[in-house]
Amino acid sequence: MRLLHSPVTQFLFMGLLTVAGIVLGTGYLAGRAADAEAKVEARGATQILARSVAQPIVSDALIKGRAGIMDRFTTRVNTRLVVGDVEHVVIWTRSGRVVYSDVIALIGRHPKLAGDQLRVLDNGGTGSAAPGEAEDQAVAKYVDTSNLLQAYTRIHTPKGKALLFETYSSLNEVENRRQAIYASFRWITIGPLLLLIVAVTLLLRVLTGRLTKASHERERLLHAAIDASDGERRRIARDLHDGVVQDLAGTTFSISAMARDPALDGGHRSSLQSASGSLRGSLKSLRSLLAEIHPPDLHAEGLAAALADLIAPAAGAGIAASVSVEGAETVSDERAALVWRVAQEAARNAMRHSAASTLAVTVRGDGQHLALEVVDDGVGFEPGSEHKSDSFGLRGLRSLVDEADGTLEVRSSVGDGTTVRMEVDAR
Amino acid sequence: MIRRGPAVALSLVLGAGALLSAPGAAVGDSGTAKDVDPCAPGKVKLKVDPVNDLFEVTGVIYSDDDDTWSWRFRHDGDISYQGESKADGDGVGKSFRVVKTMVNFPGAADYIVFRAENEHTGEVCRAELNY
């Protein structure tokens, strides 16, 4: 399957398909050229035979059907007319009577002449018909003419009576000519194409190799950059957590304790409680920010809590958010991290753009498969019109999911909210 | 004085009788015919072999001489071929053979005659057959 997606394979396939098309095309054209040439040659040969052989020996007595004349004519026909590709000869009067034919059964019969035959008989010149399309079907009743080329011209008896001289020639020579024409073009047309395909395939293979190598290098650099960024974010998050967050938590605790002092009057107590609540809110936001700056080292058992931290800011945006995780106890750390990242991107989009009132993050696992759904009831969007930055985010998600051999589906329409669903192997 | 009228009449009658009593060509379905008169027995032979729509016709004269013979083939009464030949070989058994092609017309039987005449002696040999 991977082979089919290879550009080299696709190029080879298309190239060979093109060559096959050219072979068939040139064969067809060569055949047509050979047929046309064969007709011209058959007409020319018939005219030569008529003038140089038939006309000098044809006599008015032949028209009368005298046996002796027929015998002598037959001898001459067999030795001088029915030779080479010419397989049959027919001589007609204008009334359509067969004066002579090597197909003896035809002699004396009155099959009718066709229009073009009469034209040639009246006006001279030559005519021809392709195999199976003979102008008259007289000969076809007695011999197989399906592979014979018909050609005819006019001759005269010594007394000037016009007769139609007709030959039926074998197509063997036509086929030989077709092969000759085709053979002369075959390697001229196919050879360079095949060489071009081979050369381009090699070139393509080299270029593909370079691209793959460059892609691997870029990927390595990207991973390095990500790792560096990750390390930096981790350091910032750790510093914030160990410094500001701890200080803020201690301060919140102290202020809360002070607010509970019975010696304080109501006004001060209320101010302190308000300050304590504000600090707790800030602390919560700060933790969410920390989770976003650097995700916690995720494990299956901590996935639900991490997702809860992820959607904590939703409440501040007036969105009723919920998290439900079931059957994900045995998933690997990599899969837990993947679920968290996809959920992070989907939830972030929902909170930023959806104007949703509810947001539900659901994770379901059965030991073999793991499914994540992030559903909001927001304004949705037309598929294909995602905001560019979100589009990049989704593209990044797809890349991540593809690497894990999973599927990512985004369903949305205007006014119907958005569902992001990911399915991946649990291990 | 001899009266010529009865003599002529007698000659005609005798001549006609001689012609009528002369044995004709032996005609058979085998395609081979021999004439015995006025040739010596077996001196002339006519053979017809059908080949597709044609006949291959063979006329043979066992002449045993070096004389020139003029010969002709007739087909349904029409002269098809004619020519002159001399026998090949030495002494007894000298002969000549003429092979020609004729059209085998469909329908009625073809009537074929081979006739040869010794130009030196005037001897005539003739064979015929219907095929």
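**A walk through chains A and B**

Helix α4 of chain A, which covers residues 67-81, lies across two strands of chain B, namely β4 (68-75) and β5, and its direction makes about 60 degrees with that of β5(B). The model in which this arrangement appears is a predicted one. The strands that α4(A) crosses belong to an open sheet of four strands in chain B, whose order is β5-β4-β7-β8 and whose pairing is antiparallel. At the edges of this sheet stand β5 (78-86) and β8 (124-130) of chain B, each of which pairs on one side only, and the twist from one strand to the next averages 15 degrees. Within the sheet, strand β7 of chain B, made of residues 111-118, pairs with β8(B) in the antiparallel sense over seven bridges; along this pairing Arg115(B) has Arg126(B) of β8(B) as its bridge partner.

Turning to chain A as a whole, its secondary structure comes to ten helices and ten strands. Of its 427 residues, 37% are buried, where buried means a relative accessible area under 20%. The chain exposes about 23,300 Å², and carbon and sulfur atoms supply 57% of that area. When contacts in chain A between residues at least 6 apart in sequence are considered, 64% of them join residues that are at least 24 apart.

One helix of chain A can be followed from end to end. Helix α7 of chain A, residues 266-293, has 28 residues and reaches 40 Å from its first C-alpha to its last, close to the 40 Å expected at 1.5 Å a residue. At the start of α7(A), a side-chain oxygen of Asp265(A) comes to within 3.1 Å of the backbone nitrogen of Gly267(A). Further along α7(A), the buried residues are Leu272(A), Ser276(A), Leu279(A), Leu283(A), Leu286(A), Ser288(A), Leu290(A) and Ala291(A).

Chain A also contains an open sheet of five strands, in the order β6-β7-β8-β10-β9, and here the pairing is mixed. Its edge strands are β6 (320-326) and β9 (407-412) of chain A, each pairing on one side only, while the twist averages 10 degrees from one strand to the next. On the β6 side of the sheet, β6(A) and strand β7 of chain A (residues 358-365) run parallel and are joined by seven bridges, with Ala321(A) standing opposite Leu359(A) in β7(A). Helix α8 of chain A, residues 303-316, packs on the sheet and touches β6 and β7 of chain A, its direction making about 170 degrees with that of β6(A). A further helix, α9 of chain A (residues 333-354), lies across β7, β8 (369-376), β9 and β10 (418-425) of chain A and runs at about 10 degrees to β8(A).

Val323(A) gives a residue-level view of the packing of α8(A) on the sheet. This valine is found in strand β6 of chain A, and, leaving aside neighbours within four places in sequence, Val323(A) is in contact with Ala304(A), Leu307(A), Ala308(A), Ile311(A) and Val361(A). Its C-alpha atom is separated by 8.2 Å from that of Ile311(A), a residue twelve places away along the chain. Val323(A) counts as partly exposed because its relative accessible area is 28%, a value between the limits of 20% for buried and 50% for exposed.

At the other edge of the sheet, β9(A) and β10(A) run antiparallel and are joined by six bridges; Glu409(A) has Arg421(A) in β10(A) as its bridge partner. The hairpin formed by β9(A) and β10(A) has five residues between the strands, and in this hairpin Gly415(A) takes a positive phi near 90 degrees.

What does the side chain of Ser412(A) reach at 2.9 Å? Ser412(A) is found in strand β9 of chain A, and its side chain reaches the backbone nitrogen of Phe381(A) at that distance. The side chain of Ser412(A) also makes a polar contact, at 3.0 Å, with the side chain of Thr418(A). Apart from neighbours within four places in sequence, Ser412(A) is in contact with Gly380(A), Phe381(A), Pro383(A), Gly417(A) and Thr418(A). With a relative accessible area of 14%, Ser412(A) is therefore classed as buried.

Terms used
Residues are numbered from 1 along each chain as its sequence is written. Chains are lettered from A and ligands numbered from 1 in the order in which they are written. This is a predicted model: local features need pLDDT of at least 70, side-chain atom pairs count only at pLDDT 80 or more; totals for chains, interfaces and linings use all residues. Side-chain values use heavy atoms; hydrogens and water are left out. Two strands pair if DSSP finds at least two bridges between them. Axes are lines fitted to C-alpha atoms, for helices over the stretch in contact, and angles run from 0 to 180 degrees between N-to-C directions. Contact means heavy atoms within 4.5 Å. Buried means under 20% relative accessible area, exposed over 50%, partly exposed in between (1.4 Å probe, protein chains only). Accessible areas come from the Shrake-Rupley method with a 1.4 Å probe; for residues, only the protein chains shown count as cover. The expected span of a helix is 1.5 Å times one less than its number of residues. A polar contact is a pair of N or O atoms within 3.5 Å; within protein, one must be able to donate a hydrogen and the other to accept it, and residues adjacent in sequence count only if both atoms are side-chain atoms.
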